[in-house]
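Visitor: Could you walk me through this one? I would like to know how its labels are justified.

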Amino acid sequence: MIDDKYDFKTVESKWQEQWQRSGLYGWNAEEAKANSYIIDTPPPTVSGFLHIGHVYSYTQTDLIARYRRMAGANVFYPMGFDDNGLPSERLVEKTRNIRASDLSREEFIRICYEVVRGAEDEFRALFKQLALSVDWSLEYQTISPHSRKISQLSALDLFRKGELYRQLQPTLWDPADRTALAQAEVVEKEIAGTMWEVPFRLAHGGEVTIATTRPELLGACCALLIHPDHPRRAELERGEAISPLYSVPVPILVDAQVDPQTGTGVVMCCTFGDAIDVDWWRRYKLPLRIVIDKTGRLTAMHAIGGADWPSLDLAGARAVAASLTGLTIRAAREKIVAILQERGHLKSQKPIQRMVPCAERSGAPLEILVTPQWFVRALDKKQALIEKGRSIRWFPDYMRLRYELWVENLKWDWCISRQRYFGVPFPFWYSKRRDEEGRIIAADPADLPVNPLADLPRGYGPDEVEPDPDVMDTWATSSVSPQINSYGVAPGLMIDAQRHRKLFPATLRPQAHEIIRTWAFYTILKSHLHEDKAPWRDIAISGWCRAPDRSKMSKSKGNVITPEGLLDRYGADVLRYWTATSRLGVDTALSEDVLKVGKRLVTKLWNASRFAGLQLEGFAARPQTPRADCERGLVAAAFDCWILSRLAETVTEATAANEDYEFATALRVTERFFWADFCDNYLELVKGRAYGDFGTSASQLSARYTLWHCLDVVLRLFAPILPHVTEEISSQLFSRAAAPDRSIHARGNWPRPEDQFRDVTAETLGATGVNVLAAVRKLKANRNLSLKKPLLWCNVAFAENGAPLSPDALDGLRPDLMHAIGTTKLTWNNREPPLGAVEAVTTPDEAMRVEVAFAD
C-alpha cells in the first residue's frame, strides 16, 4: 500500500543517504574492460560560483550514467574538481580580499588550499542533492599529489618526445593577471575606440600617412606595409619612413596581407600590436622593440638609440619615452595623442568600433609580449588532430565541425606555462654547472610529484640548478583527466598499467560546447601525442542554460539563478525532469512552466501507482516478463494485450533513444505512454475488471498481471530521470521476498525489449476500443455529463471498407468497454433503429462512426 501523499523532501534525503551507504554506484575494478562504460566526467572549475547551469549539464551526464548502469554496464563514473590555476586564485583573492603578489608564494598557496576545500564541499553537497550516481570513491582534485604526478608525467613524456619546448617568443599576455595565456583563453570583445591618422616623413622627401588605433605603440614601430596594389607602390616600395616623435627610420614593405580598404591602406608593424604583427616580424626578420612591460605599462625604452633601434633625434625620442614611462596603456595613449596634436603630427581622428582580443577570465585587453614560455607543439599536427576528431562519435554530430574549425584556424602552439602560484609545477630545473649552463634537467619519474622550488634533481646540489618558477595552465592538467582516472600516461610512464588498460581510452566525454576549443581539443591533442589514440569513443556536447528571457546568465546582469531555492521548492526529481527535456547541443532556458509539468508528472506517477496499488492488494503472484506471462496465458484480455504491446513499443523506442544519447526522446515516448495510453485510457478501461466488478477470475488475474507489468516497466523507464520517486514507489509496491533490498537503479535492471510482448493485431484491436472510448467521452463532454452517465445503447458503425478485425475479435473489447462507457448494449454495425434519441460522432480518421442514445 502506497502512502497517501508524496513528501519529496523526506523521500529524496532518505534515498540519497541509502544509495551512498549501499555502494550502489561503485565501479568493479575486477571486471574486464568490455563490461565497463567509462565516463570522463568534467571536473567543475572551483570558482566558488554555483548556478543552475551546473544542475543542467551535470544532470544530463547522470541521465546517461544511470541508463548505462541499468542497461548492464559496469559504469565508471568519477567526480573531480578542477581546483588549481587562475580561476581558483581569483576566487581566493576575491573571497579573502588579498592579492597574490602581496604575500609569499607559500602563504598564498596555503590560503588557496583552505578556500578550494570549502568550495568543493559546496559542489559535493549540490551534486549529492541532485542524486548524481557518482562513485565518490573515485573522486580526485587536479591539485592533489596524484593529479600532479600524472600531469608531470605528461610533461616528461612530451619533453622526451620533443613535443614540449621552452622558448623566448611572442606570447599572449594578460596584464591584469600578469601571466601568459593560450589562444583558447582569448575572447573577442567589441570595444569603442578611435582611428587616428598619423603622417610619417619619407626619407627621400614627402610623407605617407598611416592609420592606427594604438598610437602608444609608435615607439615599437619597425616597418610600414602596403598592399601590392597600392597606387603609390612604385614610389614607396623599398623606401624608408621616419616615425614621428621618435625619428626612427623604418623600411616600407609590400605584403598581400595588408587590407587596402582599412584606414589609409598603409599600416605600421609594431612589436606587437596583434598577431599579424608577429607574422610580419618573423617573415621579414624585423627588429624587436619592447615598449610595454608585464604590468601593462609603458617602459623607459632604454634600448632606443642602439643598433637595432636607431633614432635620428635620440634626445627627442628619449624625452618622449620618459614622458610616457610608467603610464598605463590607456593613459599613455591619451598622452601621446596630445603630444602628436601639439606638434602637428595628427591629421585626423574618428570614432570606431573594433574587435579587441581580451582575456577570458579577467576581461582585460591582451598584449603580445616576448617572454620565455613552455609550448606544446600543435601547429604541425592539424591534419592528424582533425583525423583523431573524426574517429570519435560526436553527439550531436555537427559539433565536430566546431572542433575542426578551431583546429584549422590555430595560429599558435599551445602555451601551457603560467606566471602564477597555485598550480602544478613544471618538473624541470636549469643547470648552472660549467659547460652545461642553461641545460634543462628533467625530474626522474620515480620522484614525482616534485616542486622544483623545494626539491632538487638527482645528482645536483642546491647551488647547481635554477628551478623553473612557472606553473602549468590548469587545462594542461584537466586535459589528462582520462589519464588521472586510468593511472597512466604512456608506456613506461604508468602508476598502474593494468588499470590504465581497463580505463583508457574512455567511453564518453560529456562537456559543454564552449570548451570544445579548450578541454576537448587539449585532451585529444595530449592523447594523440602520448599514445596516438583518441581519448574516448564518444563525446556528448551539452548546450548552455540561459536565463528565462534566453539571454546568457551573468553576475553583471543580475540574472543568475542559483539551484538552492529551486531544489527547496520543487525537489531534485523535478529539476532533473527539466534537464531531461532538452536535447544535447541545444541551449535551453530555465522554465517555470516546464518545472510545473515535471511536478505534475511526479504527482501523477505517485497517484497512478497508488491507484493501481489498491487494485493489486492481495496479488501474491510472481510475474515473470510481459512476454513470458502472455505466452503462459496469464495475460489474455484484449485491452491487456493492447497495453502491453504499446508498452513494448515504448521500451524499444526509449532504449534506442538512450543508446544514441537522446534522453529527451526517451522521456517523451515514456511520457506519451504513461499519460495517454496508461493513465487516460487503460486505467479507466480496466479498473472494473481489476476490482472484480465483472468478469471471471482469470480475466481479473490478467488485469492484475498487466497492471503489475505496466507499473514495473514504466517506473524503470522513468528511473534515470526521476530516481527518487521511482525508487520510493518501487520499494513500496514491488518489494520482492527474494531481493527486498534490490534497488530499481541496480545494474541490469533496464527493461529489455526482448522481454516485452508485441502483437500488432492486439494493438489494432485495442486502438479501436480506445477510439470508441474517446468518441463517447466527447459526446458526454458536449453535454457536460460525467463519463459515468449511463447510455441506453452504443453502436459502432465502421466505414465502407469494414471493421479492422472480425466480430469475434471485436467482442473481446466488450466487457471493459461497456463498463467504461456505461452501457449494457454495445453493437458493431447495427442497422436496426436504436432506442431513444441518437447522437453520433465520427472519429478523426473517419474509420468509424460512434452512435449513442442517452438515458434521459
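Guide: Gladly; we will take the cysteines and then a sheet with its helix, bearing in mind that this is a predicted model.

Visitor: Why is there no disulfide between cysteine 630 and cysteine 641?

Guide: A disulfide needs two cysteine sulfur atoms within 2.5 Å. The closest cysteine sulfur to that of cysteine 630 belongs to cysteine 641 and lies 5.1 Å away, so the two are too far apart for a bond. Seen from cysteine 641, the closest cysteine sulfur is that of cysteine 630, again at 5.1 Å. By this rule, the count of disulfides is zero.

Visitor: What makes cysteine 630 count as buried or exposed?

Guide: The cut-off for buried is under 20% relative accessible area. Cysteine 630 has 11% relative accessibility, so it counts as buried. Cysteine 641 comes to 12%, and therefore counts as buried too.

Visitor: Now the sheet: which strands are at the edges of β15-β25-β24?

Guide: This is an open sheet of three strands with parallel pairing, in the order β15-β25-β24. Its edge strands are β15 (393–395) and β24 (506–512), each pairing on one side only. Neighbouring strands are turned against each other by 20° on average, direction ignored.

Visitor: How do you know that β24 and β25 pair?

Guide: Pairing takes at least two bridges between the strands. β24 and β25 (residues 536–542) have six, in the parallel sense, so they qualify. Alanine 512 stands opposite serine 542 in β25.

Visitor: And which helix packs on the sheet?

Guide: Helix α15 (residues 516–531) does, touching β15, β24 and β25. The direction of α15 makes about 160° with that of β24.

Note on methods:
Residues are numbered from 1 along each chain as its sequence is written. This is a predicted model: local features need pLDDT of at least 70, side-chain atom pairs count only at pLDDT 80 or more; totals for chains, interfaces and linings use all residues. Side-chain values use heavy atoms; hydrogens and water are left out. Buried means under 20% relative accessible area, exposed over 50%, partly exposed in between (1.4 Å probe, protein chains only). Helices (H or I, at least four residues) and strands (E, at least two) are DSSP runs, numbered from the N terminus. Axes are lines fitted to C-alpha atoms, for helices over the stretch in contact, and angles run from 0 to 180 degrees between N-to-C directions. Contact means heavy atoms within 4.5 Å.
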